[in-house]
Amino acid sequence: MSFKKINTTCVPLPIENIDTDQIIPARFLKATSREGFGENLFRDWRYLPGDVPNPDFVLNQKTYTGEVLVAGKNFGCGSSREHAAWALADYGFKVVVSSFFADIFYNNALNNNLLPVQVDEDFLQKLFQTIAADPKTEVTVDLEKQTLEVPAAGLKTGFDINPYKKACLINGYDDIDYILSRREAIEQFELVN
Amino acid sequence: MLGVPDSYLSFEKRILKRKGCRNSKIKTSFFKKPQRTISPNRMEAQQPKTLFDKIWDRHVVERKEGYPDLLYIDRHFIHEVTSPQAFDGLRKRGLPVFRPSQTIGTADHNVPTINQHLPIADKLSAFQVAKLEENCREFGVELFGLGHEKQGIVHVIGPELGITQPGMTIVCGDSHTSTHGAFGNIAFGIGTSQVEQVLATQCLLQYRPKTMKIEVNGTLARGVTAKDIILYVISQISAAGGTGYFVEYAGSAIRSLSMEARMTICNMSIEMGARGGMIAPDETTFAYLKGREHAPKGAAWDAAVEDWKSLASDSGAQYDAVLTFDAASIEPMITYGTNPGMGVGVSKNIPAVAAKSNESEMAKSLAYMGLEPQQSLLGKKIDYVFIGSCTNSRIEDLRQVADFIKGKKKAPDVNVWIVPGSKQVEAQAIAEGLDRIFREAGFELRQPGCSACLGMNEDKVPAGKYCVSTSNRNFEGRQGPGARTFLVSPLTAAAAAVTGEIADVRQMI
Ligand code: SF4
């Protein structure tokens, strides 16, 4: 699966330090496959006791839909569980925008075709305001050009991504393919060291 | 060695067997010889290096412009929760585990902590633990599974078996892999895709993180422990203050800590967002490792120690950030909010706003915790005490608690769980009679596992209840849906257990 450019509405989650225990609580980590975690994405925020959908939570509101999740600073901190990235991707998100990502989450996302887009805090706040003012606001995320644009609001920013990882996403490669191709170098390293 | 199953041999022997080596000279050179830096140019070689740089550079298989470094991984720990999908990935690709003797498995996250001899009641948990056993058997990975005398929390057993050593690169599909850094190595948590990569290639593609030195100097006051140091540092720099960095802890207060206390410090590096934390190896490190099952022996030991001594940061080595703290100004710490950066000295009031936080986040956290800004926590009634987790479940933690509660009883309405970090810690506690002290005080000594640290098994704190916990995360719902966590040291936890409320342990010793 490859990723180049998308044009979509957004789901805003203006909360800081969203940790992976919120994204997918530990009790849902018992599965041994990668599928189906979307069902329990943000489980304890999404459902009230008795599994009643919480009407105040954004994923339960029809107003906000789309393939881009826009979240507060330090998204994905805490546990290394890749299940967090699987849950977001399984739910249907293709991009997460935040002003800061925790390291492990950032890598896990990239390894699962979920593009983390880091923008500055100022841009993030403007994006939140724009979405709040008009939930139908569309954003364009262009991986090739490394830009995030909100045409209706005249907002535009670039974002960083390592060229190797960018190539992986665009071409649908993963790290294992690459590392396996370096096998000779690895064996040589083992002999010398 | 023909016919001897791999699991009966030590790691070293298995690697040799795999490499077809018999010659003891090769053996020594393969394991103990100081490893060479990869193609350093003259300038680089002369520049003072940090501990981190030295170890990283030794492990770079390939460095290419525009690519992350290809980093060799010496030790890989796996557990039941983050490995099944990785093994499935190998199966799909038709790949074996590249170096099975460098991976070690244990069951910890999702195991019951009572009646471990019985089949696991929860079907999904039972399946996950069985899957780990099946995967390890099929792929030839050594497993300290449930019921094994060396089973335990992955970050407790690695060091206690001497598998964790200075100078190594160590990874595990668990963020608290940073714990191992206490021995002076590069240890960090990875996701499941990366677990698969390490299984398949013994390597990872990694960007070199920035380095941060955190120096803590001076002497700790009575009743103040390593846990308080790290909770204090995180409260000062926030839960994101270390993101993008690899931390080296230094300074006289760190140097004077035991290995177990150093592990507590490094363990929580991830709670400030850092990828890992490390402490340069010294005599304390060598004394801890000497004679441990997987530690080098004889001449190999001497050679290893000599190499390890070269691992300290050079004077004048540059860090991307340096922070300095004074140990004497640290008091027993407690968190009041829903990230580990929201902590205060136990005698202080909750601040109006936490460092580097904002009002709305603070309000959300305190509402979850049922607390008010500027409230004092002393005297706050609590319901549960959890002493355990890879942060504080080692024998010294248990001894400290036992010593404090000897002759005392737990408060009547409080449930107290003590969950040792490993079977070996449990056995040691029993051998020292600590179990009796716990029993007499009304504490429940359970069997090893992650337990209420993450509430994946039955050990959950009920919604709305307060748990004083020696673990490392106070996230919403971490210890059970709706559970409210106060992170503290084992001593402060023991003080809460006997008083039934948050207390200043300094007044009680
Ligand atoms: S004890 Fe807690 S933090 Fe440590 S490995 Fe287990 S779940 Fe993770």
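Reader: Which strand of chain B does strand 3 (residues 75–79) pair with, and in what sense?

Author: Happy to start there, and please keep in mind that this is a predicted model. Strand 3 of chain B pairs with strand 6 of chain B in the parallel sense, over three bridges. To see the pairing, find B:F77, which stands opposite B:C172 in strand 6 of chain B.

Reader: How many bridges join strand 6 of chain B to strand 7 (residues 186–189) of chain B?

Author: Four bridges join them, and these two strands run parallel. Here you can look for B:I170, which stands opposite B:A187 in strand 7 of chain B.

Reader: Which residues lie on each side of strand 6 of chain B, and are they buried or exposed?

Author: First the general idea. In a regular strand the side chains alternate between the two faces of the sheet. Now the case here: in strand 6 (residues 169–172) of chain B, B:T169 and B:V171 are on one side, while B:I170 and B:C172 are on the other. These four residues are all buried, and both faces of the strand are covered.

Reader: Let us turn to helices. How many residues of helix 8 of chain B are buried?

Author: Helix 8 of chain B is mostly covered, with 10 of its 10 residues buried. Among them are B:T192, B:Q194, B:E196 and B:L199. Just past the helix comes B:Q202, with a positive phi near 60°.

Reader: And which residues of helix 5 of chain B are buried?

Author: In helix 5 of chain B, the buried residues include B:P84, B:F87 and B:L90. Their cover comes in part from the other chain: it includes helix 3 of chain A, along with strand 3, helix 6 (123–139) and helix 8 (192–201) of chain B. Right after helix 5 of chain B, B:G94 has a positive phi of about 70°.

Reader: That brings us to the two chains together. What is the area buried between chain A and chain B?

Author: The general idea comes first again. The size of an interface is often given as the accessible area lost when the parts come together. For chain A and chain B that area is about 5200 Å², and carbon and sulfur atoms give 56% of it. Counted by residues, 56 of chain A are in contact with 72 of chain B.

Reader: How many residue pairs are in polar contact across this interface?

Author: The rule finds 25 such pairs across the interface of chain A and chain B. Several helices of chain A supply at least two residues each to the side that touches chain B, including helix 3 (83–91), helix 6 (163–171) and helix 8 (183–192). Helix 8 of chain A gives the largest share, eight residues. By type, the side of chain A that touches chain B divides into 22 nonpolar, 15 polar and 19 charged residues.

Reader: Where does B:R99 lie, and is it buried or exposed?

Author: B:R99 lies in the loop between helix 5 (84–93) and strand 4 (103–106) of chain B. It counts as buried because its relative accessibility is 10%, under the 20% cut-off. Its side chain and that of A:E190 are joined by a polar contact of 2.6 Å.

Reader: How many salt bridges are counted between chain A and chain B?

Author: Side chains of opposite charge can pair when their charged atoms come close. Between chain A and chain B the count is seven salt bridges. In one of these, B:R93 meets A:D174, with the closest N and O atoms 2.7 Å apart. Both residues belong to a network of salt bridges that also links A:R34, A:E82, A:D177 and B:E196.

Reader: Which residue forms a salt bridge with B:R255?

Author: B:D282 does, with 2.5 Å between the closest N and O atoms. The pair links distant parts of the chain, 27 residues apart: B:R255 is in helix 10 of chain B, and B:D282 is in the loop between strand 11 (276–278) and helix 12 (283–289) of chain B. B:R255 is partly exposed, at 31%, whereas B:D282 is buried, at 16%. In addition, a polar atom of the side chain of B:R255 lies 3.2 Å from the backbone oxygen of B:A280.

Reader: How far apart are B:R439 and B:D435 in helix 17 of chain B?

Author: They are four residues apart, about one turn of the helix. Their side chains meet in a salt bridge of 3.9 Å, N to O. B:R439 counts as exposed, at 55% relative accessibility, while B:D435 counts as buried, at 16%.

Key: Residues numbered from 1 in each chain as written. Chains lettered and ligands numbered in written order. Predicted model: local features only at pLDDT ≥ 70, side-chain atom pairs only at ≥ 80, totals over all residues. Heavy atoms only, no water. Contact = heavy atoms within 4.5 Å. Buried area = accessible area lost by both parts, 1.4 Å probe. Salt bridge = Lys/Arg side-chain N within 4 Å of Asp/Glu carboxyl O. Polar contact = N/O pair within 3.5 Å; in protein donor to acceptor, adjacent residues only side chain to side chain. Nonpolar A, V, L, I, M, F, W, Y, C, P; charged D, E, K, R; others polar. Buried < 20%, exposed > 50% of the residue type's maximum accessible area, 1.4 Å probe, protein only. Pairing = 2+ DSSP bridges.
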